[in-house]
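Work through the exercises below with the sequence and the three-dimensional view at hand, and try each task before you read its solution.

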Amino acid sequence: MRIHHEMKGIHYIHRRTEQPPKMDFHLHDRFEIYFFLSGDVHYFIEKNVYPLAYGDLLIMNNRELHKATFRSDEPYENIVIHFDPETIRQLTSAFSFDLLDCFVNRPLGEQNKIHLLPHQQDELFSLFHKMDCLFRQPADGSDLLLATYMIELLVLLNRAFRHNQSPLPASVVPEKLAPILDYIDHHLDHDLSLEALEQQFFMNRYYLSRLFRQSTGSTIHEYILLKRIARAKKLLYEGHNVTDACELSGFNDYSNFIRMFKRIVGVPPGRYRKQHS
């Protein structure tokens, strides 16, 4: 089963599958709300990995690299909402309550898991049920109702983010991998080839590749590429020119940077800069 709809900058997916889907690291311009219902999943966000249980909720902004890793072939169900932050800003510009606070006012890749109290989970289920019904049978005023439900949802998430006490996330990143992820994060403009990482950490490159794939289900090359694209997007958004974004994000080949950026983001870096400056 898959309910998949978009309305007014809000993309809603309710998915239930007998087999886990194939999934790679991804990064997008919209913010994401991820609600977990069933499966055997560890969720990788930046340098943290969250083992998921029924009712867990994650939030990601447009700079946070993330990926679900499936530990077995258990049936998988989740609800995901991608939304344009500008749409939300326009809806609530006259109010003092910042609906995007929990997405932007925290360190990158930290506090992504929001602890929900039982009554808040009930409220969340109710809102998702209303959205399901709205998309199944749209009618006059559906876009207005959807905006109302999104505002309710974001108020709920921000209240939980600000006031609920939550234990520190139990990261399942292998001890040997954590410092390497940290090094990559702070040295994107350096040589991050397997050979260079092998020398930096005195770890056999083949063992490192195998350890990374076992932990994330993807390759370290893909992870570094998307981290560099994320850095380039941030630089372009801040007003840097394309050449600087290329060099500062660690791409040594300008034409390869243009090609990779367009493939992953969907538009060339020059156009991305014009759209977001």
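**Exercise 1. Find which residues Cys246 touches, leaving out residues up to four places away in sequence, and describe where Cys246 sits.**

Step 1. Cys246 touches Phe251, Asp253, Tyr254 and Phe257 when residues up to four places away in sequence are not counted, where contact means heavy atoms within 4.5 Å. The model is a predicted one, in which local features need pLDDT of at least 70 and side-chain atom pairs count only at pLDDT 80 or more, while totals for chains, interfaces and linings use all residues. Residues are numbered from 1 along each chain as its sequence is written, and side-chain values use heavy atoms, with hydrogens and water left out.

Step 2. Cys246 belongs to helix α9, residues 242–248 (helices are DSSP runs of H or I with at least four residues, strands are runs of E with at least two, and both are numbered from the N terminus).

Step 3. Along the chain Ala232 is 14 residues from Cys246, and their C-alpha atoms are separated by 6.6 Å.

**Exercise 2. Decide whether Cys246 is buried or exposed, and state how many disulfides a search of the whole structure finds.**

Step 1. With a relative accessible area of 3%, Cys246 is buried, whereas Cys133, at 35%, is partly exposed. Here buried means under 20% relative accessible area, exposed means over 50%, and partly exposed lies in between, using a 1.4 Å probe and protein chains only.

Step 2. The search of the whole structure finds zero disulfides, a disulfide being a pair of cysteine sulfur atoms within 2.5 Å.

**Exercise 3. Describe the surroundings of His28, starting from its place in the loop between β2 and β3.**

Step 1. His28 lies between β2 (10–17) and β3 (31–38), in the loop, and its relative accessibility of 18% makes it buried.

Step 2. The His28 side chain makes a polar contact with the side chain of Glu32 at 2.9 Å, and it also reaches the backbone oxygen of Arg30 at 3.0 Å. A polar contact is a pair of N or O atoms within 3.5 Å; within protein, one must be able to donate a hydrogen and the other to accept it, and residues adjacent in sequence count only if both atoms are side-chain atoms.

Step 3. Once neighbours within four places in sequence are set aside, the residues in contact with His28 are Asn62, His66, His82 and Lys233.
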